[in-house]
Amino acid sequence: MGQLCGRCMQLLRDFIGFVQRMSSDLVQGIKECLTLISNCSCLKQNSSKNRQLYKPILQPHERVTAQEFLQHIETDFEMSPLGKDPLEALRTLSFSENPGLQQSAALYYLHMSQHMNIPLPVEHLEPFYALLRSADLEVQQMSSLSLVNFLLEGNIDKELVVQMGLLEPILDLLESEDPTVQCNSCACIMTLAVSESNREAIGAARGVTPLLSLANSYDPRVQQNAVGAVLNLTQSEKIQQVLCKEGALPVLALLLESPDSEVQYYSCAALSNVAANVQHHKALLGPSDRFLLRTLISLLSSSVDKVSSQACVCLRNLATSVDIQAEMVAENVLPQLCSLLASGSEDVRRASIALLWILSQHPPNQDILACAELLQSLGMLLAAHKTDPVIVGHTACIIRNLCLSKNRQRITESRCVEGLLQTLLLTDTQEDSLHYVTSCLAELAKQEGAMLHMVQWMDEPLTRCLVRLAGQLEHPEPSFHAASIIQHMISHEKMMLLWKYHIEEIQAYLKNFLTHQEVRFQQLGISTLCRLRADPDFSLAFRKSQMVKLLEQVRQQTEETQELLRAAMCHEDS
């Protein structure tokens, strides 16, 4: 065979080089293809397929541990489920590379979480790190569920879970494509986020973003737990800032329209927490888009009590500005609130009356609120719930605010006056609501028509109650208001007959008023005494009780005060 010439040798070298380059590219392409396939989640969704691709060798010590652990389960579980020996076995099985052994450990934890109601020792938390980090889907499902069970039963210190580094693997599981793992990990975060330190840790670990992503999940269990976790995070003002920055507000607003009432409630409650912070109102209520306001008002008619109640709370938190209140009234919120006052749910009644109280503080709203429908609803509410301090107090405040409007006649003609008078007989003197009720009645008594209407409902028990309240100076506000009501009713013939049954008690509180340090009490005492002296029986009683001498002392003190004031003013002028 002849020798190749130089030209042919060069062609052969070029061909060999070409083949080598093609082979290298082909090998690289094959490697990249296999890498992409191995990293795909489809291989991770079924742990049995994983075991077919790679089956770790069972180490001798793992085999012994598994046999001993199985024997323990069969014989000693009921006696010592948390003993030292099973703990060592759990550690070995949990940190094994064999999915079957990890599944055994995860199943053991799941069994304990479902059948034990005692605190889990700290050392038993360590294996959870390996189990939550496992590549086996069944291990992830069982270990995350057992952790949720322990947390919900209060068998694990929630802050200790974070301190031991379990937050990171839990947050990683939020990225899983398995709905069960997503559901369990969201439930873990929701339960952990009940403490302030844990909320801050979740925010610092960037746990907000995956939670918001899962809040849009098509799986209702995942969505509920994700939104529930966001709700608990909103209890921290610091994390509220993070949530707003991460775009949580539009997500929560849209979830108000969810067909799932639980999701509606969680999202509404989360928005209520954010709305309690005035600095977020601008972000919640854009200048041109009032979607949130309209959606919340529509939720007032929800058939689920806790949803309608929470919508009231959110609207109340938003109603800090006059403009927002005006928009609520313009959106016809009043009829819906009136219907909620008759709800069978205490929370709904209290939430709706609190929102009405906020709206009644704004003068332009008062004439609209003082309609026959609302006043009738308030009267019925007082009649049905005389002993509820929240209902009574807020209702009294609303009526007092509406007294300042031009529609006082409607209040007089409603059942509100009767309802307020009846609550006096049932309200404890320690309750703040008593202050609001007496204040409202004292304001009504200043108006002739309202006072005459009050007189129609007065009887001996109510008369005795007012006199008793006037004498309880340890509660100065109710005492002053009760005495003011008495003073305005004195001139009525029916009332004078009723007051005569309590001459001694009236004299007693008048003496205390005349010697009171506050001028308003002295003035009210003097005014009341002057009106009562027109009656012969009271006049005679005053002469016998040294009341004239007491008045003389007050006069002397007043003259001395006037002389000092004149001297001070003259000195100032000079």
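This note goes through a predicted model point by point, from one helix to salt bridges, cysteines, the nonpolar core and selected loop residues.

1. Basis of the values. The model is predicted, and local features need pLDDT of at least 70, side-chain atom pairs count only at pLDDT 80 or more, and totals for chains, interfaces and linings use all residues. Residues are numbered from 1 along each chain as its sequence is written, and side-chain values use heavy atoms, with hydrogens and water left out.

2. Helix α5. Helices are DSSP runs (H or I, at least four residues) numbered from the N terminus, and α5 covers residues 99-115, which makes 17 residues. From its first C-alpha to its last, α5 reaches 24 Å, close to the 24 Å expected at 1.5 Å a residue, where the expected span is 1.5 Å times one less than the number of residues. The buried residues of α5 (buried being under 20% relative accessible area, exposed over 50%, and partly exposed in between, with a 1.4 Å probe and protein chains only) include P99, L101, Y108, Y109, L110 and M112. Polar residues are also on that list, among them Q102, Q103 and S113. At the start of the helix, a side-chain oxygen of N98 comes to within 2.8 Å of the backbone nitrogen of G100.

3. Salt bridges overall. With a salt bridge taken as a side-chain nitrogen of Lys or Arg within 4 Å of a carboxyl oxygen of Asp or Glu, the count comes to 18. Side chains of opposite charge can pair when their charged atoms come close. One network of such bridges links E88, R91 and E126.

4. A pair between distant parts of the chain. R133 and E168 meet through their side chains in a salt bridge, with N to O at 3.1 Å. This pair links distant parts of the chain, since R133 is in the loop between α6 (126-132) and α7 (137-152), whereas E168 is in helix α9 (residues 167-173), 35 residues apart. R133 is partly exposed at 36% relative accessible area, and E168 is also partly exposed, at 46%.

5. Two further pairs. In the salt bridge between E196 and R199, the closest N and O atoms are 3.1 Å apart; both residues belong to helix α11 (residues 196-204), and because they are 3 residues apart there, about one helical turn separates them. An α-helix has 3.6 residues a turn, so residues three or four places apart point the same way. E196 is partly exposed at 34%, while R199 is buried at 6%. A second pair, R221 with D219, has its closest N and O atoms 3.3 Å apart; here R221 is partly exposed at 40% and D219 is buried at 18%.

6. Cysteines. With a disulfide defined as a pair of cysteine sulfur atoms within 2.5 Å, the count is 0. The sulfur of C312 has its closest cysteine sulfur in C268, and at 9.1 Å that is too far for a bond. C312 is buried, with a relative accessible area of 0%, whereas C570 is exposed at 52%.

7. Nonpolar core. A nonpolar core is a set of buried Ala, Val, Leu, Ile, Met, Phe, Trp, Tyr and Cys residues joined through side-chain atoms within 4.5 Å, and the largest one in this model has 169 residues. Those with the most contacts inside it are L318, M328, L424, L444 and W499. Contact means heavy atoms within 4.5 Å, and M328, leaving aside neighbours within four places in sequence, is in contact with residues including L293, I297, L315, L318 and L359.

8. Two loop serines. S195 is in the loop between α10 (179-192) and α11 and is buried at 13% relative accessibility. The side chain of S195 reaches the backbone nitrogen of N198 at 3.2 Å, and S195 is 7.5 Å from E159, C-alpha to C-alpha, although 36 residues separate them in sequence. S302 is in the loop between α18 (291-299) and α19 (305-318), and a polar atom of its side chain lies 3.1 Å from the backbone nitrogen of V304.

9. Positive phi values. R206, in the loop between α11 and α12 (208-214), has a phi near 60 degrees, a positive value in a residue other than glycine, and R206 is exposed at 69%. N332, which is not a glycine, has a positive phi of about 60 degrees and is found in the loop between α20 (322-330) and α21 (333-340).

Definitions and conventions: Polar contact = N/O pair within 3.5 Å; in protein donor to acceptor, adjacent residues only side chain to side chain.
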